[in-house]
Amino acid sequence: MAKLYFKYGAMGSSKSAQALITKFNYEEQGMSVWLIKPGVDTRDGENVIRSRIGLSKEAEVIAPGESILKAFRRVGKRDVIISDESQFFTPEQIDELRDIVDDYDIPVLCFGLRTDFLTHFFPGARRLMELADSIAEIKTICRCGRKATVNARIDAHGNVVTSGSQVLLGGNDRYTAMCHKCWREAIRRQENS
């Protein structure tokens, strides 16, 4: 029986690398993979999924208003669907991924962030948390050694940013993974200086 999986982690937890390794493992067993990503994610190129360790593959891009179900029917039968940056899908698109699992008995593995730089759910991630059969955290660590859970947005001077739009694409130049304690302490230091 197929399942909907959500594998989430903070920035720098190797989510994209794990998505691409999972794709490789399925294909090594002779299975066909539909690799997808949201159109919002253009950081590494419109149709590229790239990990920090250098793995990369082309993926089909799903625009914010596009039906994943219609796109799935267009590409034809696959053994598995793997998506990266799944937090950027709309709740309706996540519902369609759930429909594919239920109606076509195809596993769907979603990799992405759970929360934004202010610790608020992304709408797609919230819907995945509500619908997924399996939810697993991909762990990474804060510079203090604790588990990192916050995707801290930083400015050019290394200060933690506490306002702005929910989506701002970037990598290590704009974000750092922190534990909640270090994140709060950094904000307090900035407010008191």
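Is Arg 74 buried or exposed? Arg 74 is exposed, because its relative accessible area is 54%, where exposed means over 50%, buried under 20% and partly exposed in between, with a 1.4 Å probe and protein chains only. The model is predicted: local features need pLDDT of at least 70, side-chain atom pairs count only at pLDDT 80 or more, and totals for chains, interfaces and linings use all residues. Residues are numbered from 1 along each chain as its sequence is written, and side-chain values use heavy atoms, with hydrogens and water left out. Helices (H or I, at least four residues) and strands (E, at least two) are DSSP runs numbered from the N terminus.

**Salt bridges**

- The whole structure contains 7 salt bridges, each defined as a side-chain nitrogen of Lys or Arg within 4 Å of a carboxyl oxygen of Asp or Glu.
- Side chains of opposite charge can pair when their charged atoms come close.
- One of the bridges joins Arg 74 to Glu 60, with the closest N and O atoms 2.2 Å apart. This pair links distant parts of the chain, since Arg 74 belongs to helix α2 (residues 68-75) and Glu 60 to strand β5 (residues 60-62), 14 residues apart.
- Lys 147 and Glu 137 form another salt bridge through their side chains, at 2.9 Å from N to O. Distant parts of the chain are again linked: Lys 147 lies in the loop between β8 (134-137) and β9, and Glu 137 lies in strand β8, 10 residues apart.
- Both partners are partly exposed, Lys 147 with a relative accessible area of 39% and Glu 137 at 23% relative accessibility.
- A salt bridge also connects Arg 127 with Glu 130, whose closest N and O atoms are 2.8 Å apart. Because they are 3 residues apart in helix α4, Arg 127 and Glu 130 are separated by about one helical turn.
- Arg 127 is partly exposed, with a relative accessible area of 24%. A network of salt bridges links Asp 95, Arg 127 and Glu 130.

**Buried valines**

- Val 150 is found in strand β9 and counts as buried because its relative accessibility is 0%.
- The contacts of Val 150 (heavy atoms within 4.5 Å), not counting residues up to four places away in sequence, are Phe 117, Thr 119, Thr 176, Ala 177, Met 178, Cys 179, His 180 and Trp 183.
- Val 150 and Asp 102 are 48 residues apart along the chain, and their C-alpha atoms are separated by 32 Å.
- Val 160 lies in the loop between β9 (150-153) and β10 (175-178). At 7% relative accessibility, Val 160 likewise counts as buried.
- Residues up to four places away in sequence again left aside, Val 160 touches Arg 153, Ile 154, Met 178, Trp 183, Ala 186, Ile 187 and Gln 190.
- From C-alpha to C-alpha, Val 160 and Lys 37 are 28 Å apart in space, with their positions 123 residues apart in sequence.

**Surface patches**

- Patches consist of residues with over 30% relative accessible area and no salt bridge; like charges are joined within 9 Å and nonpolar side chains (Val, Leu, Ile, Met, Phe, Trp, Tyr) within 5 Å.
- Arg 146, Lys 181, Arg 184 and Arg 188 make up a positive surface patch. Lys and Arg count as positive, Asp and Glu as negative, and His and the chain ends are not counted.
- Within this patch, Arg 184 is found in helix α5 (residues 180-192) and is partly exposed, with a relative accessible area of 38%.
- Ile 21, Ile 53 and Leu 55 create a nonpolar surface patch of about 270 Å². Of these residues, Ile 21 is found in helix α1 and is partly exposed, with a relative accessible area of 40%.

**Positive phi angles**

- Most residues other than glycine have a negative phi.
- Ser 14, a residue other than glycine, has a positive phi near 70°. Ser 14 lies in the loop between β1 (4-8) and α1 (15-28) and is partly exposed, at a relative accessible area of 31%.
- Thr 119 also has a positive phi near 70°. Thr 119 lies in the loop between β7 (108-112) and α4 (123-131), and its relative accessible area of 32% makes Thr 119 partly exposed.
- Thr 119 is also among the residues that Val 150 touches.

How values were computed
Accessible areas come from the Shrake-Rupley method with a 1.4 Å probe; for residues, only the protein chains shown count as cover. The place of a charge is taken as NZ of Lys, CZ of Arg, CG of Asp or CD of Glu.
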